Amino acid sequence: MRFVSTRGASPALPFGAALGAGLAPDGGLYVPERLPRFSADDLAALPDAPLADTLAALLRPLLGDDPLARRLDALCAEAASFDIPLVPLRSPGDHLLELFHGPTAAFKDLAARFLAASLSALRAADAPVQTVLVATSGDTGAAVGAAFHGREGFRVLILYPDGKVSPAQAHSLGAFGGNVRALRVAGSFDDCQRLAKQALGDAALRAEVPLLTANSISLGRLLPQMGYYAMHALRFQRRHGRPLGFIVPSGNLGNAVAALIARAMGLPIGDVVLATNANPTLAEFFDGAPYRGRDAIPTLANAMDVGAPSNVERLFWLAGGSEAAARGLIRVQRIDDARIRATVAAAEARHGVAPCPHTACGLAALEDLRAAGDARDWAVAATAHASKFLDVVGPLLSNAPAVPAAFAALLARPAQAEAMAVDGEALGATLRAGWGH
């Protein structure tokens with residue numbers, strides 16, 4: 001299996017090489033040259049396996065004879081070392097897919113750990129130190145920092161929008177030290193993402209500084225996210241004889257695209273609904289307007305404050321390049337801040353859970369589906385633990401949620417982040433400087 005750019009002007013690469021490249025030379029995102037498809041017999045042969053085994057079964061045909069394929073079972077076991085349960089809510093047919101049980105209490109942990117383990121396996125012993133450059137709207141940076149912290153041969157530079165992440169997120173981003181460094185950028189997440197893409201596309205800079213990406217533009221971040229959707233959809237189909245649909249809080253679109261890829265590979269995933277915040281890019285596109293990226297606006301669901309989602313390119317690839325076909329793959333529910341507050345405040349009584357603001361977008365979308373008469377089975381992807389957003393949810397809940405132990409340990413560490421303007425030259429100078437090794 002080889003991987004090609006969404007823009008069609010870069011050479012096809014095997015999985016490991018595409019993983020190391022991150023962004024294709026033409027500026028596109030890597031996607032499989034073709035998608036393997038599991039037949040009904042293939043699915044029937046899959047055991048009711050743990051997440052690591054399901055993930056390995058999904059990835060094996062994509063890796064083909066890539067050198068990483070020999071280590072795939074171990075890589076998946078290292079990534080999926082924590083539980084991702086599907087929890088029933090109070091109303092029949094309503095479920096919560098709890099993606100926040102990893103070390104930084106966010107859904108990004110699984111894929112970040114797979115990426116780190118894979119890149120470590122690919123690294124030659126005498127290779128120069130590689131710099132992982134990551135832009136974050138709140139959760140990605142901490143997951144990547146945790147996954148690479150202390151790994152020999154790697155250093156991490158995190159870019160995050162100053163003042164536009166929660167206090168707990170900001171502290172966690174600067175709390176690693178060692179080979180992980182954080183920059184608080186005087187701009188939006190989209191500014192951080194543009195800076196990262198600019199650096200990754202700078203051939204002269206990359207000749208001096210070996211660069212990797214850990215954003216969802218990376219295959220190593222995108223593809224492992226298929227695992228939890230596939231596992232629970234398959235289990236649900238076997239137990240109940242009908243598909244399970246997923247409502248995915250979405251900003252940069254990677255988590256939702258992973259569910260769509262798994263469905264395109266034959267997994268019994270029902271409809272997929274995007275729950276976005278007040279940022280209008282995706283909602284307007286799915287309402288029929290031409291796609292138009294723009295600057296993000298700040299909301300209570302800050303990790304979804306994205307105005308130009310990178311994975312739109314992969315969505316169009318899945319749809320054969322057709323905007324009309326892309327609109328047929330998923331639906332979008334747009335949830336504003338007032339609705340987020342109302343959903344959080346009512347969630348304990350209505351659903352029996354205390355959601356983060358992003359998960360609240362998903363719950364609000366579920367409530368809208370039920371109000372419209374949709375009686376199908378749905379699972380809301382709970383993308384982060386509510387304790388990461390106590391500044392938002394604390395005043396709205398009768399009981400503040402306890403901080404998970406692993407994340408509490410991170411918050412107990414001292415933290416430091418350096419200020420930076422939206423300045424590509426300044427970022428280049430920082431990347432050329434040494435730290436951590």
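In what order do the five strands of the open sheet stand, and is their pairing parallel or antiparallel? Keep in mind throughout the tour that this is a predicted model. With the sheet selected, the strands can be followed in the order S9-S6-S7-S8-S14, and the pairing is parallel. Strand S9 (211-213) and strand S14 (418-420) stand at the edges with a single partner strand each, so one side of each is left without a neighbour in the sheet. Looking along the sheet, you can follow a twist that averages 30 degrees from one strand to the next. As background, strands of a sheet pair through backbone hydrogen bonds, either parallel or antiparallel.

Next, select residues 130-135, which make up strand S6, together with residues 154-161, which make up strand S7; the two run parallel and are joined by six bridges. Within this pair, valine 132 is the residue to highlight, as valine 156 in S7 stands opposite.

Now add residues 140-148, which form helix H6: this helix lies across S6, S7 and strand S8 (180-185), and its direction is at about 160 degrees to that of S6.

From there, move to alanine 116, which is found in helix H5, residues 108-122. Is alanine 116 buried or exposed? Alanine 116 counts as buried because its relative accessible area is 0%, which is under the 20% cut-off. Leaving aside residues up to four places away in sequence, alanine 116 touches Ala147, Phe148 and Arg151. If you draw a C-alpha to C-alpha distance from alanine 116 to valine 144, it should read 7.9 Å, although the two are 28 residues apart in sequence.

The next stop is alanine 326, in helix H15, residues 323-327. Alanine 326 is likewise buried, with a relative accessible area of 0%. Showing its surroundings, again without residues up to four places away in sequence, brings up contacts with Phe285, Phe286, Leu315, Phe316 and Ala319. Valine 312 is 14 residues from alanine 326 in sequence, and the C-alpha to C-alpha distance between them is 9.3 Å.

Finally, select serine 387, which lies in the loop between strand S13 (378-382) and helix H18 (390-393). Although it sits in a loop, serine 387 is buried, with a relative accessible area of 2%. Display its side chain together with that of histidine 385, and you will find a polar contact of 2.8 Å joining the two. Beyond residues up to four places away in sequence, serine 387 touches Pro401, Ala402, Val403 and Pro404.

Terms used:
Residues numbered from 1 in each chain as written. Predicted model: local features only at pLDDT ≥ 70, side-chain atom pairs only at ≥ 80, totals over all residues. Heavy atoms only, no water. Helix = DSSP H or I, 4+ residues; strand = E, 2+ residues; numbered from the N terminus. Buried < 20%, exposed > 50% of the residue type's maximum accessible area, 1.4 Å probe, protein only. Contact = heavy atoms within 4.5 Å. Pairing = 2+ DSSP bridges. Axes fitted to C-alpha atoms, helices over the stretch in contact; angles between N-to-C directions. Polar contact = N/O pair within 3.5 Å; in protein donor to acceptor, adjacent residues only side chain to side chain.
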